[in-house]
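Reader: I have a protein in front of me and would like to know what stands behind the words used for it. Could you take me through them?

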Amino acid sequence: MSGTAPGIGDITDKRLLIIGASRGIGLAIATRAAQQGAVVHLTARSAQAATDTAAAIATQHGARATGHGLDLAASDATARLDAVLEVAGELDALIYNAGLSHVYARPENISDADFDQIMAVNLRGPFLAARAFGARCLRQRRPGAIVFIASVAGFVGSPRLSVYAASKAGMLGLSRSLAVDWAADGIRVNAVAPGWVATDMTQGLQDNPRLHERLTTRVPMGRFAQPEEIADVALFLASDSARYVTGSVYSVDGGLLAG
């Protein structure tokens with residue numbers, strides 16, 4: 001009797017490390033992965049938040065999940081990342097969702113400290129994580145998948161978000177170059193570029209009727225995305241269904257860039 005072929009996007013028993021997963025898109029990715037039978041290792045800047053999130057996911061979905069504190073803006077970020085990877089063990093995929101967008105200001109009002117902090121999390125962090133994950137795949141002679149959660153802000157000018165937009169554009173360039181470097185080694189690197197997503201980070205925009213209407217008017221589908229809609233694309237790219245996909249950017253924006 002022949003076995004049943006796995007479904008499209010199947011991640012059953014895949015071992016995932018999701019960086020930045022205690023809320024928003026990252027939490028949706030971790031939850032979706034657990035629901036689909038993956039082994040989930042997740043991080044958050046707060047070790048308590050990471051542990052609590054993993055425990056909740058494990059309890060609610062009967063999943064294997066662990067949580068780890070990780071601040072990639074810290075001076076010893078490389079050592080902290082290595083410690084998380086050591087505990088997690090062999091991995092099939094890395095999904096980098098950690099991001100910072102705490103500055104909404106004209107460029108002349110953005111401080112050096114704000115610039116450095118955003119870049120540390122949004123661009124240096126993805127490089128450090130990918131480098132560490134890729135090096136382990138190479139040493140273990142294993143294939144692997146890396147998925148960066150970027151933004152449509154990496155494609156188009158965004159008022160008062162110059163540093164955030166620059167960091168996300170850099171992430172897109174990083175993902176393409178890493179994909180070329182590691183393609184022959186079986187390590188795939190792709191990015192997802194969400195548009196406006198209904199998370200706690202955008203709650204203020206959602207709660208402002210005039211601003212919400214102005215933003216959604218630019219989106220052909222006329223609404224913000226739900227976090228799960230981003231998660232589904234990220235997990236597809238982490239699955240074997242995307243085994244011939246690398247160096248690509250998937251816009252999940254309701255048609256924003258096409259409009």
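Author: Happily, and let me start with a definition: axes are lines fitted to C-alpha atoms, for helices over the stretch in contact, and angles run from 0 to 180 degrees between N-to-C directions. Please keep in mind that this is a predicted model, where local features need pLDDT of at least 70, side-chain atom pairs count only at pLDDT 80 or more, and totals for chains, interfaces and linings use all residues. Residues are numbered from 1 along each chain as its sequence is written, and side-chain values use heavy atoms, with hydrogens and water left out.

Reader: What angle do the axes of H1 and H2 make where they cross?

Author: The axes of helix H1 (residues 24-35) and helix H2 (residues 47-61) cross at roughly 35° and come within 10 Å. Helices (H or I, at least four residues) and strands (E, at least two) are DSSP runs, numbered from the N terminus. Contact means heavy atoms within 4.5 Å, and here Leu27, Ala30, Thr31, Ala34 and Gln35 of H1 meet Thr53, Ile57 and His61 of H2.

Reader: What makes E3 and E7 edge strands?

Author: Two strands pair if DSSP finds at least two bridges between them. The open sheet has seven strands in the order E3-E2-E1-E4-E5-E6-E7, with parallel pairing. Strand E3 (64-69) and strand E7 (249-252) each have a single partner strand, so one side of each lacks a neighbour in the sheet. The twist averages 15° from one strand to the next.

Reader: How many bridges join E5 to E6?

Author: Six bridges link strand E5 (residues 144-149) with strand E6 (residues 187-194), and the two run parallel. Isoleucine 149, for instance, has valine 192 in E6 as its bridge partner.

Reader: Why is serine 175 called buried?

Author: Buried means under 20% relative accessible area, exposed over 50%, and partly exposed in between (1.4 Å probe, protein chains only). Serine 175 has 0% relative accessibility, so the word is buried. This residue lies in helix H5 (residues 162-182). Leaving aside neighbours within four places in sequence, serine 175 is in contact with Phe148, Val189 and Ala191.

Reader: And serine 75, buried or exposed?

Author: Serine 75 has a relative accessible area of 79%, which is over 50%, so it is exposed. It sits in the loop between E3 and helix H3 (77-88).

Reader: How do you know that the buried residues of H7 are on the same side?

Author: The buried residues of helix H7 (residues 209-217) are Leu211, Leu215 and Thr216. They cover an arc of only 125° around the axis, so they are on the same side of H7; the arc is that of the directions from the helix axis to the C-beta atoms. The face turned away from that buried side carries the exposed residues Pro209, Arg210, Glu213, Arg214 and Thr217. Helix H6 (203-207) is included in what covers the buried residues of H7.

Reader: What is notable about the phi of arginine 141 and arginine 160?

Author: Most residues other than glycine have a negative phi. Arginine 141 has a positive phi near 55°, and arginine 160 has a positive phi of about 65°. Arginine 141 is in the loop between helix H4 (112-140) and E5, while arginine 160 is in the loop between E5 and H5. At 79% relative accessibility, arginine 141 counts as exposed, whereas arginine 160, at 38%, is partly exposed.
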